Amino acid sequence: MPPKQSSKPRILIVLHQENSSPGRVGHMLLEEGFDLDIRRPPLGDELPGTLDGHAGAVMFGGPMSANDEDEFVRRETNWLNVPLKENRPFLGICLGAQMLVNQLGGKVEGHGEGLVEIGWYPLKATEAGKKLMHWPEMVYQFHREGFSLPRDATLLATSETYPNQAFRYGDNAWGIQFHGELTRVMMQRWVVRGAHRFELPGAQPGRDHLGGRLIWDMHLKRWLSEFLELIFGKPATG
């Protein structure tokens, strides 16, 4: 007999490397009662032509640029028409947010002075962001490019080096530049594999990544839980 299909609503999870994980985002969605439909387009996975069978989608980060000419980058960026036209809940994180910006006609580019955000950096909510929820004062970053604010989008949070940190477009499309999804194991792996980037201007040394986690991560975790509920709600029960 074929396996029984789950009756739980599914969230489409888009990852960009073989060993990538949805991390804390995945854990929280599962705990709330969602199932995860994980796809990795760079490895050949297709993306659905409609989100009718999903409760929403999350597109994660990766080492590539949203401006790269790789086939999967163009395919994913074009695919974002699906949640936008169907007005389905969508969250883009780092690269995912940058692809969303490109799809909406904005620009993704590096800092004019070559500065990066790699480590823990202050975040400030805008008035629009404050009306939605309480935001963490420090967030974890790992990027060399930022994005412009798309036309008709609402800026929710900002920072000094890369002013556009979180935005909302329409009812259901959201983009964030920073990372709330990292578990401790994930952060340790990023610190080891990304150590060569700690020499870039503006980056913090690896010890500050792990040390900052002890201070700031509990606040980031609490925010992420509330943010995911804001975007995806809770599955209907019974």
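Biologist: What makes the contact between Lys234 and Glu32 a salt bridge?

Modeller: A salt bridge requires a side-chain nitrogen of Lys or Arg within 4 Å of a carboxyl oxygen of Asp or Glu. The side chains of Lys234 and Glu32 meet at 2.6 Å, N to O, so the pair satisfies that definition. The pair links distant parts of the chain, with Lys234 in the segment after helix 7 (206–232) and Glu32 in helix 1 (residues 23–32), 202 residues apart. Helices are DSSP runs of H or I with at least four residues, numbered from the N terminus.

Biologist: On what basis do these values rest?

Modeller: The model is predicted: local features need pLDDT of at least 70, side-chain atom pairs count only at pLDDT 80 or more, and totals for chains, interfaces and linings use all residues. Residues are numbered from 1 along each chain as its sequence is written, and side-chain values use heavy atoms, without hydrogens and water.

Biologist: Why is Lys234 called partly exposed?

Modeller: Buried means under 20% relative accessible area, exposed over 50%, and partly exposed in between (1.4 Å probe, protein chains only). Lys234 has a relative accessible area of 49% and therefore counts as partly exposed. Glu32, at 34%, is also partly exposed.

Biologist: How do you know whether Arg39 and Asp37 are buried or exposed?

Modeller: Arg39 has a relative accessible area of 19% and Asp37 one of 12%, so both count as buried. Their closest N and O atoms are 2.9 Å apart, forming a salt bridge. Arg10, Asp37 and Arg39 are linked in a network of salt bridges.

Methods
Helix = DSSP H or I, 4+ residues; strand = E, 2+ residues; numbered from the N terminus.
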